[in-house]
Each structure stands twice: as C-alpha cells, then as structure tokens.
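Here are some short exercises to work through with the model open on your screen. Try each task before you read its solution.

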Amino acid sequence: MCIRDRNRKMSMAWEQWQHKAAEARRQAMLLRRGLMRLVHAQLGQALAKWRQQAADDKLTARLMRGAVRRMMNRKLSMAWEQWQQACQSLKEQRLLMLRSAMAWINVFTARAFRTWRVEIAETLRL
C-alpha cells in the first residue's frame, strides 16, 4: 500500500504542478495581453497626437498661404484701382479739352453765323 499511496501522491503532485503551470501560463498570457494593450494604447495615442499635429500644421500652412495670397492680391488690387483712377483722370481731362475746343469752335461758328446774318441783312436792304 505504501507504493500505491506514494504513486497516488506523486500523481496528485504532478496534476497540481500541471494545473499551476497552466495557471502560470494563463497569467503570463493575460499579463502579456495587458502590456500589449498598454503599448498599443501608447502607440495609438502617439499616432493620434501625430495626426493632430499634422492637421494643425496643414491648417497653419493653408492660413499662411491665404494671408500671402491676400497680401499679394491687395497689392494687385491697389495697382488696379490706381490704374482705373489714372484712366478716369485722363478721360476727364480729354472731356474738358473737348468741351473747351467745342466752346472755341462754337464761339467762332457763332461769330461767323452772326456775320453771315448781318451780311445777308445788308444785302437784302439794298
């Protein structure tokens, strides 16, 4: 009976060791999974932070391009307005010169017409 007890105790010890080894493997796997979740979570956070920074940089670049474009277009717009004012000024000067010339022409035409009327009137009197 001693051998049988001894074998039974050895079998129980073996089963207990197998159970504890399996539990240790299970615990190690759970620990590894937990660590991987932490690692992946940190990687995910790092990726999210990088994406946010890239989006912020993209927005900043777009706003800067817009500001530069507005500054460049502002100069272009100012030049356009200056050109329009110069053209308007030249147009007004031409109109004034035309009016002045027409006034001179009208004065001479009016004088010529009066002279003609006077001469006709004198001719008709005779």
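**Exercise 1: One residue, one helix**

Asp5 has its place in helix α1. Before you go on, note that this is a predicted model, where local features need pLDDT of at least 70, side-chain atom pairs count only at pLDDT 80 or more, and totals for chains, interfaces and linings use all residues. Residues are numbered from 1 along each chain as its sequence is written, and side-chain values use heavy atoms, with hydrogens and water left out.

Task: find out how accessible Asp5 is, and how far Asp5 lies from Met78.

Solution. Step one: get the scale straight. Buried means under 20% relative accessible area, exposed means over 50%, and partly exposed is in between (1.4 Å probe, protein chains only). Step two: Asp5 has 36% relative accessibility, so it counts as partly exposed. Step three: from C-alpha to C-alpha, Asp5 and Met78 are 107 Å apart in space, with their positions 73 residues apart in sequence.

**Exercise 2: The whole chain**

Task: work out how many helices and strands the protein chain has, and what its radius of gyration is.

Solution. Step one: count the elements. Helices (H or I, at least four residues) and strands (E, at least two) are DSSP runs, numbered from the N terminus. The protein chain has one helix and zero strands. Step two: compare with a globule. The radius of gyration is taken over C-alpha atoms, and the globule rule is 2.2 Å times the number of residues to the power 0.38. A compact globule of 126 residues would come out near 14 Å, but this protein chain has 53 Å. Step three: check the box. Along the principal axes, the C-alpha atoms fill roughly 180 × 25 × 5 Å. Step four: look at burial. Buried residues are 2% of the 126 in the protein chain.

**Exercise 3: Two distances further along**

Task: find the C-alpha separations of Leu96 from Ala112 and of Arg94 from Glu122.

Solution. Step one: Leu96 is in helix α1 and is exposed at 55% relative accessibility. Its C-alpha atom is 24 Å from that of Ala112, which is 16 residues away along the chain. Step two: Arg94 also lies in helix α1, and its relative accessible area of 61% makes it exposed. Between the C-alpha atoms of Arg94 and Glu122, 28 residues apart along the chain, there are 41 Å.

**Exercise 4: A pair of rings**

Task: decide how the rings of Trp14 and Trp17 are arranged.

Solution. Step one: know the rule. Rings of Phe, Tyr and Trp (its six-membered ring) pair if their centres lie within 6.5 Å; planes under 30 degrees apart count as stacked, over 60 as edge-to-face and the rest as tilted. Step two: a search of the whole structure finds four aromatic pairs. One of them is Trp14 with Trp17, at 5.3 Å centre to centre and 25° between the planes, and it is stacked. Step three: why are they about one helical turn apart? Because they are three residues apart in helix α1 (residues 2-125). Step four: Trp14 is partly exposed at 48% relative accessibility, while Trp17, at 53%, is exposed.
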